[in-house]
Amino acid sequence: MEQKREKFGSRFAVIAAMAGSAVGLGNIWRFPYILGEYGGAAFILVYIAATLVLGLPILYAESIIGRRSRSDTFGAMKKLAPGTPWRWAGLLTIISPILILSYYSVVGGWSVEYLFKSLSFDFMDMPASEIPDFFGRFISSPYQPILTHTVFMAAVVAVVLGGVSKGIEKFSKLAMPALFLLILVIAVYSLTLPGAFAGVEYLLKPDFSRLTAGACAAALGQAFFSLSLGVGAILTYASYVKKEEDLHISGVGTAVSDLIFALIAAFAVIPSVFAAGLKPTDGPSLLFETLPYIFNKMGEGVPLVSSVISVFFFVTILAAALTSAISMLEVGVAFLADEKGFKRRNATLLLGFLCWLVGVLCSLSFGPLSGVKILGATFFFFLDHLCSDWLMPMGGLIFTLFVGWKMSKADVRDEFTNGGTKNVRLFGAVYFLMRYVAPVGIIVVFVTNLLM
Ligand code: TRP
């Protein structure tokens, strides 16, 4: 007998939950450095297009599968396409979040370190030129980043074990708007820094000569990472959405808020990169090299101000990172518990330990293991590109193919239009995007990326 599933109470709750999964380190840490690596304004244009033309249809596809089946990815495929190999798609949704969490937790750990440093006033008065050195020494040290990675991972496991995700999510409902305001203030402030204008130009003046196949693949990967697509996270959330809710509104609401968050983060980070005399191509360290500089500038003359802002910032970003991280672990735990008969506790401990272990390798790849390369990349970068540029788009491809080619058009229409009462006119275009544009777009990016 099917149990009655919990449902989201309102349209706002749906968007808040989906956006909560979407907004995280992907927007604030990953987006600015990826766009710095691939050349600024032109990359942003491709990224916006990737979000709206490919990301959004996949968000719809996952929403349709989730709400239609009212179950997780494995269950959904079993219910909607019983006895077919489609259920193997569920496997991707277990593997990718576990791999992502491994290195996500390392970056979460960096934020933990920065929170401690802000609490102990360590950044106060640190000259701009010393901050990159400080960060470089920290991440390449063999044990300190492992310690903070352990703290972050332990928090994720504790929350999932203790079943207090609800409490964390309530807290993050406060923390998210606070983070949004903070990042907005930082963006406005960083525009006033001397030398920041070069950064604004970098963000607004496209240089199309830098748009390689790799850059397009990276833009697509960033859109997937940032929207939590292709791993069944949105699918699972949608399974809790009421029949009367409008999937189009929640999809657009999620995509647009995620996009706005990322763009503001870029305007907070990139102009300060130029003002501080750093390079936008500095990679994953970019956010961590610029923030102490900005906070110190903000608190010039009143050092306490910079520490207070800094503490606030890292508490809120950790809340955002934690809600994303919890949902990554939860997918695997739910699978092991529901499908493989594991006790939830054992599943959580097992997967938590696995993520921790892989995370240790990622962390060490900035220090003692920096010489160990897989396909030319260190462990951290290999995993990051494997997940965002390949596994997540692969998952997205599977979901759109399922909706566009396996489910009957009548069922898809019924789900998207709430039985013909909403978005009826829009449906034709959305169906076209899901059936042709998104799959072809992903395949084209895959192929060019392989050949180039
Ligand atoms: N979108 C999240 C962020 O921007 C990260 C993320 C990637 C994620 N995949 C996920 C979150 C799966 C939850 C589930 O930080």
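Which residues line the second largest pocket? The close-ups below get to that and a few other spots, and the model behind them is a predicted one.

**View 1. Here is the second largest pocket, with its lining residues.** The residues that line this pocket are Ile 374, Leu 375, Ala 377, Phe 381, Phe 382, His 385, Leu 386, Asp 389, Trp 390 and Asn 449. Helix α16 gives the most to the lining, with six residues. As for room inside, the second largest pocket holds about 260 Å³ of space.

**View 2. Phe 381, one of the residues that line that pocket, also pairs with Phe 366.** The two ring centres are 6.2 Å apart and the planes meet at 65 degrees; edge-to-face pairs need over 60, so this pair is edge-to-face. Phe 381 belongs to helix α16, while Phe 366 sits in the loop between α15 (344-364) and α16 (379-406). Those two places are 15 residues apart in the chain, and the pair links them. Are the two partners buried or exposed? Phe 366 has 18% relative accessibility, so Phe 366 counts as buried. Phe 381 comes out at 23%, so Phe 381 counts as partly exposed. The cut-off for buried is under 20%.

**View 3. Trp 110 and Phe 288 make another of the structure's 36 aromatic pairs.** Their ring centres lie 5.6 Å apart with the planes at 90 degrees, so this pair is edge-to-face. Follow the chain and you'll find Trp 110 in helix α5 (residues 89-119) and Phe 288 in helix α13 (residues 286-298), 178 residues apart, so the pair links distant parts of the chain. Both rings are tucked away: Trp 110 is buried with a relative accessible area of 1%, and Phe 288 is buried with 0%.

**View 4. Trp 110 turns up again here, along with Phe 313, in the largest nonpolar core.** This core has 147 residues, and Trp 110 and Phe 313 touch the most other members. Helix α14 (residues 303-340) provides the largest share of the core, 16 residues. Leaving out residues up to four places away in sequence, Phe 313 touches Ile 28, Leu 179, Leu 182, Ile 183, Ile 186, Leu 291 and Phe 295. As a bit of background, nonpolar side chains tend to be buried together in soluble globular proteins.

**View 5. Now for the largest cavity, which holds about 190 Å³ of space.** How many cavities of 30 Å³ or more are there? The count comes to two. The largest cavity is lined by 18 residues, and the closest to its centre are Ser 21, Phe 225, Ser 228, Ser 324 and Met 328. At least two lining residues come from each of α1 (11-22), α2 (25-37), α5, α10 (213-227) and α14. Of these, α14 supplies the largest share, four residues.

**View 6. Two arginines sit over aromatic rings in this close-up.** The charged end of Arg 30 is over the ring of Phe 225, 5.1 Å from the ring's centre. Phe 225 should look familiar, as one of the residues closest to the centre of the largest cavity. The other case is Arg 435, which lies over the face of Trp 405 at 3.7 Å from the ring centre.

**View 7. The last stop is Ser 69, in helix α3 (residues 41-69).** Ser 69 is buried, with a relative accessible area of 1%. Setting aside residues up to four places away in sequence, Ser 69 touches Ala 76, Lys 79 and Leu 80.

Terms used: Residues are numbered from 1 along each chain as its sequence is written. This is a predicted model: local features need pLDDT of at least 70, side-chain atom pairs count only at pLDDT 80 or more; totals for chains, interfaces and linings use all residues. Side-chain values use heavy atoms; hydrogens and water are left out. Rings of Phe, Tyr and Trp (its six-membered ring) pair if their centres lie within 6.5 Å; planes under 30 degrees apart count as stacked, over 60 as edge-to-face and the rest as tilted. Buried means under 20% relative accessible area, exposed over 50%, partly exposed in between (1.4 Å probe, protein chains only). A charge sits over a ring if NZ of Lys or CZ of Arg is within 6 Å of the ring centre and within 35 degrees of the ring normal. A nonpolar core is a set of buried Ala, Val, Leu, Ile, Met, Phe, Trp, Tyr and Cys residues joined through side-chain atoms within 4.5 Å. Contact means heavy atoms within 4.5 Å. On a 1 Å grid over the protein atoms alone, a cavity is a set of points where a 1.4 Å probe fits but cannot get out, and a pocket is an open set with protein on both sides within 12 Å along at least five of seven lines; lining residues have an atom within 4 Å of a point. Grid points are joined across faces, edges and corners, and a volume is the space filled by probe spheres set on the points.
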